[in-house]
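Thank you for making time for this; I would like to walk through one structure with you. Please have the sequence and the coordinates open while I talk.

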Amino acid sequence: NNNNIEPVGASAIADAFEQHPKMTHAQLSFNAIGDIAIRLANLPNITTLLLNGCGLDETQTLRIFQALYSNNLVDLRLDGNRVSLIGMQTLAGALMNGSPLTILYLRHAGLVDLLVQPLVPVLKNNKLLSYLYLDGNTIGETVMAEIGYSLQEGAPLQELTLVNNPSGLSH
């Protein structure tokens, strides 16, 4: 966590996770680990992957979301990394199709209404996602309302945070 780990060091850490399947939690936030994040996301033994502030781009987060179709992640934290619309659509698809993910952090991820929209049906139908953190994005009033309506229809969330989203602000 904020140790200035770069791809070479992160690769050695990923090797250790591959060699020792009892290792299940990877906390590498605030390190420039690049594509090693994708490698870690694809390991079957990792259940918790904390990658806050790693400077991941849209392609890297997309590939992490693609891994949700086949990995065992239950806790994914990507605060402060960049996501794309196709990434959010991929995330939504994985959640609707059996991903075991129960905790998702996407705070300060540059999310706007268009990017959050794919999650709305997930909130209505998903049976596993329990904690969703979307603080510090730019989610507007209309999408906030859609999130609220979806939650009223039976989403199992235990916690949703939307702190510092300008939902009521006029533009």
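I will go from the first helix to the salt bridges, then to the core, an aromatic pair and one glutamate.

Please keep in mind throughout that this is a predicted model.

Let me begin with helix α1. Its 13 residues should span 18 Å at 1.5 Å a residue, and the C-alpha atoms at its ends are indeed 18 Å apart, so expectation and model agree. Which residues of α1 are buried? They are Ala10, Ala14 and Phe17, and, viewed down the helix axis, the buried residues fall within an arc of 55°, which means that they line one face of the helix. As a reminder, residues three or four places apart point the same way because an α-helix has 3.6 residues a turn. On the other side of α1, Val8 and Gln19 are exposed, while the cover over the buried residues includes β1 (25-27) and α2.

Helix α1 also brings us to the charged side chains. How many salt bridges does a search of the whole structure find? It finds 6, and one of them is between the side chains of aspartate 15 and arginine 39, at 2.2 Å from N to O. This pair links distant parts of the chain, since aspartate 15 sits in helix α1 and arginine 39 in helix α2, 24 residues apart. Aspartate 15 is partly exposed, with a relative accessible area of 30%, and arginine 39, at 23%, is likewise counted as partly exposed.

A second salt bridge joins the side chains of aspartate 75 and arginine 77 at 2.8 Å, N to O; here aspartate 75 counts as buried because its relative accessibility is 7%, under the 20% limit. A third is formed by glutamate 153 and lysine 124, whose side chains meet at 2.9 Å, N to O. Glutamate 153 lies in the loop between α7 and β6 (159-161) and lysine 124 in helix α6, so this bridge ties together parts that are 29 residues apart in sequence. Both ends are partly exposed, glutamate 153 at 48% relative accessibility and lysine 124 at 34%. Finally, salt bridges with shared partners join Asp15, Glu18 and Arg39 into one network.

Now to the nonpolar interior. The largest nonpolar core has 50 residues, and those with the most contacts inside it are Ile33, Leu40, Leu51, Leu76, Leu91 and Leu106. Among the helices that each supply at least two residues of this core are α1 (7-19), α4 (85-96) and α7 (141-152). If we take leucine 51 and set aside residues up to four places away in sequence, the residues it touches include Leu28, Ile33, Ala37, Leu56 and Ile64, and also Arg77 and Asp79.

What aromatic pairing is there in the whole structure? The search finds 1 aromatic pair: the rings of tyrosine 105 and tyrosine 133 have centres 4.1 Å apart and planes at 20°, so they count as stacked. Tyrosine 105 belongs to strand β4 (residues 103-105) and tyrosine 133 to strand β5 (residues 131-133), so to speak 28 residues apart along the chain, and both tyrosines are buried.

I will end with glutamate 146, which is found in helix α7 and counts as partly exposed because its relative accessibility is 26%. Beyond its neighbours within four places in sequence, glutamate 146 is in contact with Gln117 and Val120. Threonine 48, by contrast, is 98 residues from glutamate 146 in sequence and 29 Å from it in space, C-alpha to C-alpha.

Notes:
Residues numbered from 1 in each chain as written. Predicted model: local features only at pLDDT ≥ 70, side-chain atom pairs only at ≥ 80, totals over all residues. Heavy atoms only, no water. Phe/Tyr/Trp six-rings, centres within 6.5 Å; stacked < 30°, edge-to-face > 60°. Helix = DSSP H or I, 4+ residues; strand = E, 2+ residues; numbered from the N terminus. Buried < 20%, exposed > 50% of the residue type's maximum accessible area, 1.4 Å probe, protein only. Core = buried A, V, L, I, M, F, W, Y, C linked by side-chain atoms within 4.5 Å. Contact = heavy atoms within 4.5 Å. Salt bridge = Lys/Arg side-chain N within 4 Å of Asp/Glu carboxyl O. Expected span 1.5 Å × (residues − 1). Arc of directions from axis to C-beta.
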